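Time to open the notebook and look around inside this one. I will jot down cavities, pockets, domains and helix packing as I go.

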Amino acid sequence: MKTDIYLGIDMGSTGLKAVAFEAESGATLATSGGALPYRQLPQGGCELSADAIQTALALALQGVAAQLGPRVADVRALCCTGHGAGLYALDASGQLLEGRAVASTDQRAAARARELGRRMGDALYDEVGCRPWSGQPSLIAAELFGADAGQLRRVRHLLFAKDYLGFLLTGEIATDASDASTAGLLSLDAGAWSTMAFEAAGLSGLAATALAPIAPSGAVIGRLRPAQAAAFGLPAGLPVALGAIDLLASLKAVNAERQGHAVAVLGTWCVNAVVAPTREPKPEVGAIVSFGDPDRRLYLENSPSSMANVAWLARTLQFQDAAAAVDCAMGVPLGAEGLRFLPFINGGSWPAGACAGYVGLQGHHTRAHMARAVIDAVVALHARHLKRLAALGLGVPDRVAALGGGARDLRLARLLAGFLGHAVERCGDDETGARGAALYAALSQNPGGGDLLPAPCERVEPLAAEAQAHADFYASFHGLVDNMAPAFGHLAGPAR
């Protein structure tokens, strides 16, 4: 008997993948994709060309279609997810402005964000659930185009990564609440685009002309255009559903959205989040995200770099890849013989102005020690954020799921369990974002089918013999980061 197939497309901060899942079993039938060639620019810029996105999307979908073979006829719908924020601005002809997108890890608006935070941080937190940060579309646009009114007038549509993919597939313009809210552009109370957020960035004119209609995740926004269907080898007229930001898609994939336990996403960003009942007054967390349910919110404690630190390590110290860097690191004991790393290669949410660096480097330290210090710090930073969520009573106590590329390595999941002092659920399927997107596609055709694509997970226990060592290291790391606040402030000052 034939079984329906649903496609999920996930555009992350480093790559784009398309994955085909079989309904009911949840089995992965086909996977295709590859790295996205982001360009690292001076002053912290990070951009990606429109051609690179379109090429990656075509290759991913063509690869999945080829792997499915005759079963491609069983594909019932597809859906896209992707990283949040950044800048995907379209001109009147539907092209990315200047032929490029800007990533959420872009740092060029960092000084603008700090200055706006000093003036309006509390008011914006109350309005949109987060304080200003450099990767917001509004602040990136203000930094790049604010002095050029002509450039701003060219912006006809302001989209997010997943919405740009949806536009390429269908020609339709739409977004959902989770992306708008994660970017700090949605009023939590009104559930609509925030006038205050755009006025604060000096972009009130943009707000009046360029904002996409907000629709529910799982709604069909259009159908695959004939030319695209032919080019990709997919059925013509395939329904394309609106997804959610990759974090929420991942939570949905592992059922954390309903169960209420926290997740740590060991990806480019250090993402830690939990879905919990709406609270007033608002708890002081990194960000509060609305996703269309007035009774629940997504509470986040994040920093702009998790495995990005490992990617930097691999690139700079010339490891073959990130996996090779982790393998080398694990040949050195926890604590790297006194060497510490500050895991903020793309900046940090706290302390203000956080940046990366080694502390305690001595002559006997080797490349392996440097790698171990990075791994220890990356995982400890996740634990720091998760412990803060738990201290605020957000999430089910002692329930954490580890997702993302870093969770594919059992050793990193076990290290996280050690720092937390309790077991974690490891969803080593690195395609949880795509699985969540495919689930939205399935829900667009079968609204009652919330369990159609179950994700594989396993329980990872901390090592009891290392409990004290983990607790001591975590306390040392926590103290070091807090004590570095004055140095971070000094480095972020005017003379930088």
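I started with the lining of the largest cavity: Leu116, Leu124, Val128, Cys130, Pro132, Gln136, Ser138, Leu139, Gly184, Leu185, Ala197 and Ala201. This is a predicted model, where local features need pLDDT of at least 70 and side-chain atom pairs count only at pLDDT 80 or more, while totals for chains, interfaces and linings use all residues. Residues are numbered from 1 along each chain as its sequence is written, and side-chain values use heavy atoms, with hydrogens and water left out.

I noted how voids are found: on a 1 Å grid over the protein atoms alone, a cavity is a set of points where a 1.4 Å probe fits but cannot get out, and a pocket is an open set with protein on both sides within 12 Å along at least five of seven lines; lining residues have an atom within 4 Å of a point. Grid points are joined across faces, edges and corners, and a volume is the space filled by probe spheres set on the points.

**Cavities**

I looked up the volume of the largest cavity and got about 70 Å³. The count by this rule is four cavities of 30 Å³ or more. I then checked which helices feed the lining of the largest cavity: helix 2 (110-128) and helix 3 (137-145) each give at least two residues. Helix 2 has the largest share, with three residues. For numbering, helices (H or I, at least four residues) and strands (E, at least two) are DSSP runs counted from the N terminus. By class, I find nine nonpolar, three polar and no charged residues in this lining. My classes put Ala, Val, Leu, Ile, Met, Phe, Trp, Tyr, Cys and Pro as nonpolar, Asp, Glu, Lys and Arg as charged, and the others, Gly among them, as polar.

**Domains and a pocket**

I next took the chain division, which is domain 1 (5-244) and domain 2 (255-495); these bounds come from an automatic or database domain assignment. The contact (heavy atoms within 4.5 Å) takes 47 residues from domain 1 and 34 residues from domain 2. Taken over C-alpha atoms, the two domain centres are 23 Å apart.

Which domains line the second largest pocket? I see at least three residues from each of domain 1 and domain 2. Its volume is about 390 Å³. Of the 22 lining residues, Pro216, Ser217, Phe291, Gly292 and Asp293 lie nearest the centre of this pocket. Helix 10 (246-253) and strand 15 (296-300) each supply at least two lining residues. I sorted the lining of this pocket into 11 nonpolar, four polar and seven charged residues.

**Helix packing**

Here axes are lines fitted to C-alpha atoms, for helices over the stretch in contact, and angles run from 0 to 180 degrees between N-to-C directions. Angles under 35 degrees count as roughly parallel, over 145 as roughly antiparallel, 65 to 115 as roughly perpendicular and the rest as oblique.

I began with helix 12 (residues 307-316) and helix 14, whose axes come within 9 Å and cross at roughly 170 degrees. Helix 12 is therefore roughly antiparallel to helix 14. Met307, Asn309, Val310 and Leu313 of helix 12 touch Met370, Ala371, Val374, Ile375 and Val378 of helix 14. I count eight nonpolar, one polar and no charged residues in this contact.

Helix 14 (residues 367-391) also packs with helix 17 (residues 467-483), at about 85 degrees and with axes 10 Å apart, so helix 14 is roughly perpendicular to helix 17. The contact of these two helices has eight nonpolar, one polar and four charged residues.

Helix 15 (residues 410-420) meets helix 17 at about 80 degrees, axes 8 Å apart, so this pair is roughly perpendicular too. Leu415, Gly418 and Phe419 of helix 15 contact His470, Phe473 and Tyr474 of helix 17. I logged four nonpolar, two polar and no charged residues for the contact of helix 15 with helix 17.

**Backbone oddities**

I found a cis peptide bond between glutamate 280 and proline 281, with omega about 0 degrees. Proline 281 sits in the loop between strand 13 (270-277) and strand 14 (287-289). Asparagine 255 has a positive phi of about 70 degrees although it is not a glycine, and I placed asparagine 255 in the loop between helix 10 and helix 11 (256-259).
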